[in-house]
Amino acid sequence: MATVRGLFLGAKKVEVVGSNQTKKRMFYVDITNGGMYENQAEFQLMGDRVGLVEDYKKGDEIEVSYNIQGRKSEYPDKQTGEIKQGFFQNLAAWKIQKLT
């Protein structure tokens with residue numbers, strides 16, 4: 001479990017994915033926090049949590065509690081046939097609090 005604070009930037013519409021018709025929604029947070037370079041993160045809400053972002057407006061200061069989920073994928077290189085590895089990560093949000 002981890003938490004991060006930042007400014008709510010917005011959310012995509014709810015999608016229905018997979019054979020089990022799971023609800024999924026992505027949302028975005030600016031976590032730059034005064035740094036020199038922009039730092040914006042994409043978080044994912046699943047199932048009954050897709051509504052957690054409904055009451056937030058762009059610019060609201062929020063704290064997001066989330067888990068990092070990842071998996072490894074192996075696939076053949078199209079030119080050489082050699083097996084390559086790739087990794088996919090997801091920031092799975094499970095709680096959002098307004099700070100201001």
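What percentage of the 100 residues in the protein is made up of buried residues? In this predicted model, buried residues account for 28% of the 100. The paragraphs below begin with the overall fold, turn to the core, and then visit a handful of individual residues.

The protein is built from six strands and has zero helices. Read from the N terminus, its elements follow the order β-β-β-β-β-β. The radius of gyration is 16 Å, well over the 13 Å that the globule rule gives for 100 residues, so the protein is more spread out than a compact globule. The C-alpha trace spans about 55 × 40 × 25 Å along the principal axes. Contacts also link parts of the chain that are separated in sequence: of those between residues at least 6 apart, 52% join residues at least 24 apart.

The surface can be described in a similar way. About 7,300 Å² of the protein is exposed, and carbon and sulfur atoms supply 46% of that area. As for charge, there are 15 positive and 13 negative side chains, and the centres of these two sets lie 4 Å apart.

What lies inside? In soluble globular proteins, nonpolar side chains tend to be buried together. Here, the largest nonpolar core has 16 residues, and Phe 27, Phe 43 and Val 64 are those with the most contacts inside it. Two or more residues of this core come from each of strand E1 (2-11), strand E3 (22-30), strand E4 (40-46), strand E5 (61-76) and strand E6 (83-98). Val 64 makes a good place to pause while viewing the structure. Apart from its neighbours within four places in sequence, Val 64 is in contact with Ala 2, Thr 3, Val 4, Phe 27, Val 29, Phe 43, Ala 93 and Lys 95. Two of the partners in that list, Phe 27 and Phe 43, are also named among the residues with the most contacts inside the core.

One of the partners of Val 64 is Ala 2, which is found in strand E1. Is Ala 2 buried or partly exposed? Its relative accessibility is 22%, and buried means under 20%, so Ala 2 counts as partly exposed. Leaving out residues up to four places away in sequence, Ala 2 touches Val 64, Ser 65 and Tyr 66. Ala 2 and Glu 63 are 61 residues apart along the chain, yet their C-alpha atoms are separated by 10 Å.

Asn 90, in strand E6, offers an example on the other side of that cut-off. With a relative accessibility of 15%, Asn 90 counts as buried. Beyond its neighbours within four places in sequence, the contacts of Asn 90 are with Gln 44, Asn 67, Ile 68 and Gln 69.

Gln 40 belongs to strand E4. Its relative accessibility of 46% means that Gln 40 counts as partly exposed. If residues up to four places away in sequence are not counted, Gln 40 touches Leu 9, Val 29, Asp 30 and Ile 31. Between Gln 40 and Tyr 56, which are 16 residues apart in sequence, the distance in space is 17 Å from C-alpha to C-alpha.

The loops bring two further residues into view. Where is Lys 58 placed? Lys 58 sits in the loop between E4 and E5, and at 68% relative accessibility it counts as exposed. Even so, Lys 58 is in contact with Phe 8 and Leu 9, leaving aside its neighbours within four places in sequence. Leu 9 is thus a name to look for twice, as Gln 40 touches Leu 9 and Lys 58 is in contact with Leu 9. Lys 58 and Glu 42 are 16 residues apart in sequence, and their C-alpha atoms are 14 Å apart in space.

The other loop residue is Gln 21, located between strand E2 (15-17) and E3. Gln 21 counts as exposed, with a relative accessibility of 54%. Its backbone deserves a look as well: Gln 21 has a positive phi of about 55°, although it is not a glycine.

How values were computed: Residues numbered from 1 in each chain as written. Predicted model: local features only at pLDDT ≥ 70, side-chain atom pairs only at ≥ 80, totals over all residues. Heavy atoms only, no water. Core = buried A, V, L, I, M, F, W, Y, C linked by side-chain atoms within 4.5 Å. Buried < 20%, exposed > 50% of the residue type's maximum accessible area, 1.4 Å probe, protein only. Helix = DSSP H or I, 4+ residues; strand = E, 2+ residues; numbered from the N terminus. Contact = heavy atoms within 4.5 Å. Rg over C-alpha atoms; globule rule 2.2 N^0.38 Å. Areas by Shrake-Rupley, 256 points an atom, 1.4 Å probe, with all protein chains shown as cover. Lys, Arg positive; Asp, Glu negative; His and termini not counted. Charge placed at Lys NZ, Arg CZ, Asp CG, Glu CD.
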